[in-house]
Amino acid sequence: MRPAQARAFALAGTAALAAAALGACGGGSDSGSGDTDVTWGVSSGWESWNENTADGNNSYIHQALSPSATALGDFNQDGDWVFNDALLASAPELAAESPLTVNYTLNPDAQWSDGEPFDVDDFTYIWHQMSGKAEHCDQTQCVPASTDWGANVASITQEGDVVTMTYVDGYLDPEWQYFQTPMYPAHIAAANGFPDWATDPAQMGGSATWFTQNPPTWGTGPYKPVDAAAGDYVTFEPNENYQGSVEPALEKLTMKVVEGTESIITELRQGSIDGSWPSEFSQEELDKVADDDAVTTEVYEGSIWLHIDTNTRNEFLGDEVLRRAVFTAIDNADIIAKAYPDTEVTARKNHFFNEQSDFFEDALGASDPVQGSGDAEAANALLEGAGYTTGDTLMTPDGKPVTLQFRYGEGDATRTLAGELVQSYLGEIGIDVTLEAIPDGQLGAVLSEGEFDLVIFGWSGTPAFTTAPQQYFGSESSSNFGGFTLDGLDEAIAKVRSTTDIAESAQFANAVEDMVVPAAFTLPIFDEPQSVVYLNGSLDGIVPNGNSQAGPMWNIQEWKPA
């Protein structure tokens, strides 16, 4: 999963983060000139170039690098898994269940944009970076967004064109085929001062930091990066060594940061960008181009959902009773009504499954008192029963006034509104809330450093779910930003990936849900509607896809001039 937006990892399947101007990136396409230069708006920035680290695991860098992405597959708009034929000759195959063993048959011509082969070293490199094991990587430099996959790999070998991934004894995973982790070139690490990365944890850690600090000039996707500035833009040209079945059709493609939906719509109408996937859904902004024949707007269901997290290291929020009271006082329905008065948006009631899932259970509705209900009276009763003094100022049992800081993405109208409303709701139970915006591009750092009391952001995921429980709530997960711990929780999480039966795995995930909801660690609010906007006469082949963390860029190899 990725925060947005955080990204939730679909490693062997999962939930990334949902909360500048480019001087010389060209401009929008002129459909009458034969120009095949395209500029696409990315709605926030980033600081790290390494997607697989806790602070680099966000939706915006994932979008920006999607034209050159090295992943083994993705989910299409129908939720079906599609393997990447530039790298694989066929879909992954389950070779054995004991131990779990998966074969990946490589496209015999699979290669990086510099002509170097894509092979077992690249699999091994990403394993060592994401295992969470000191024998693989210096843990001060390798801080993976999730270790749920890497920690359970026993070996990776290659014979001919077949790469075999063998897991530790007893480990099972019903989503074994969904290996979707962005991969980095081992030969580039070796060429830049880390030739012994595979055997020297210090060199492995140094290479991970190097990938964090240096913009890529490589890839296996249809396009290769040729120029970039962190948090600003990435410019691509066709990858002459791309081995996919669809030839890239754009001469130049720039992924440019345009912060906020209002700015995206303005630049689109001015023709300075060709399109965008705004992270913030704004019906008001979309209405500005609703009758514009030059613009196509598509609205669809996606996999980004907003939530409010607590920092349990905070002196007040370390108390479960206070967390439960805070979540009870927050009114999800009111936030939705005020943020989306004319849009059919419903409350999110489960961390792992939306209401369309066969595995959905209403976990929030079963909480007592009901979290997200806006019931200030019930919240106060809960607090009084625990020795708090309620009134205009909420006082702890030892006589200290409760004050909290609420953080949200700067420039994001929905998250700003939510912060203002939370400030009002908690004021009703005597809690003084200070609002503090998170500057553009700094969400990952704020989360990974725990610089919040309460924070709102989005997880972006896929139809896969089995790595989400560990990523969100595992006590050792670097994506467990709030420091959540609970007796027996790690053991319950481990069961989610202890079977190859998807329905049984979902039951285990809902058992985790039954533990974390009463503990009031994080409050789901709603599934955010998604939109894509682009100029008519500019691009063909854009397919909105709510199942991919790349959104409409999931099939960027098929984009072509209109």
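These legends accompany close-up views of a predicted model.

**View 1. The second largest pocket and its lining.**
The second largest pocket has a volume of about 580 Å³. Its lining comprises 30 residues, and those closest to the pocket centre are Gly73, Asp74, Asn84, Trp554 and Gln557. Two strands, E4 (73–75) and E5 (81–83), each contribute at least two lining residues. By type, the lining splits into 13 nonpolar, 13 polar and four charged residues.

**View 2. Helix H2, an enclosed helix.**
H2 spans residues 120–130, and ten of its eleven residues are buried, so the rest of the structure largely encloses it. The buried residues are Val120, Asp122, Phe123, Thr124, Tyr125, Ile126, Trp127, His128, Gln129 and Met130. They pack against three strands, E7 (100–105), E8 (153–159) and E9 (162–167), and against two helices, H3 (186–191) and H4 (201–213). The helix lies across E7, E8 and E9 and runs at about 170° to E8. Just after H2 comes Gly132, with a positive phi of about 75°.

**View 3. The four-stranded open sheet beside H2.**
The strand order in this open sheet is E6-E7-E9-E8, and the pairing is antiparallel. E6 (93–97) and E8 are the edge strands; each has a single partner, so one side of each has no neighbour in the sheet. From one strand to the next, the twist averages 20°. E7 and E9 form an antiparallel pair with five bridges. Within this part of the sheet, Tyr104 stands opposite Val163 of E9. H2 lies across three strands of this sheet, E7, E8 and E9.

**View 4. The cis peptide bond between E6 and E7.**
Ser98 and Pro99 are joined by a cis peptide bond, with omega about -5°. Pro99 sits in the loop between E6 and E7. These two strands are adjacent in the sheet order E6-E7-E9-E8. Most peptide bonds are trans.

**View 5. A second cis peptide bond, at Pro369.**
Asp368 and Pro369 are also linked by a cis peptide bond, and omega is about -5°. Pro369 lies in a loop that connects helix H8 (332–339) and helix H9 (376–385).

**View 6. Gln203 and its contacts.**
Where does Gln203 lie? Its place is in helix H4. Gln203 has a relative accessible area of 17%. Buried means under 20%, so Gln203 counts as buried. Beyond its neighbours within four places in sequence, Gln203 is in contact with Gly193, Phe194, Pro195, Asp196 and Trp197. H4 is also one of the elements against which the buried residues of H2 pack.

**View 7. The E10–E11 hairpin.**
Strands E10 (residues 223–229) and E11 (residues 233–238) pair in the antiparallel sense over six bridges. Tyr223 stands opposite Pro238 in E11. Three residues lie between the two strands of this hairpin. In the turn, Gly231 has a positive phi of about 70°.

**View 8. Strand E18, covered on both faces.**
Seven of the seven residues of E18 (residues 454–460) are buried, so the strand is largely enclosed by the rest of the structure. In a regular strand the side chains alternate between the two faces of the sheet. On one side of E18 are Leu454, Ile456, Gly458 and Ser460. On the other are Val455, Phe457 and Trp459. Both faces are covered.

**View 9. Strand partners of E18.**
E15 (residues 304–310) runs antiparallel to E18 and is joined to it by seven bridges. In this pair, Trp305 stands opposite Trp459 of E18. E16 (residues 403–409) runs parallel to E18, with two bridges between them. Here Phe406 stands opposite Leu454 of E18. Trp459 and Leu454 are on opposite sides of E18, and both are buried.

**View 10. Ala520, a positive phi outside glycine.**
Phi of Ala520 is near 55°, a positive value in a residue other than glycine. Most residues other than glycine have a negative phi. Ala520 lies in the loop between helix H14 (502–519) and strand E19 (522–527). Is Ala520 buried or exposed? With a relative accessibility of 0%, Ala520 counts as buried.

Definitions and conventions: Residues numbered from 1 in each chain as written. Predicted model: local features only at pLDDT ≥ 70, side-chain atom pairs only at ≥ 80, totals over all residues. Heavy atoms only, no water. 1 Å grid on protein atoms, 1.4 Å probe; cavity = no way out; pocket = protein on both sides within 12 Å on 5 of 7 lines; lining within 4 Å. Points joined across faces, edges and corners; volume = space filled by probe spheres on them. Nonpolar A, V, L, I, M, F, W, Y, C, P; charged D, E, K, R; others polar. Buried < 20%, exposed > 50% of the residue type's maximum accessible area, 1.4 Å probe, protein only. Contact = heavy atoms within 4.5 Å. Pairing = 2+ DSSP bridges. Axes fitted to C-alpha atoms, helices over the stretch in contact; angles between N-to-C directions.
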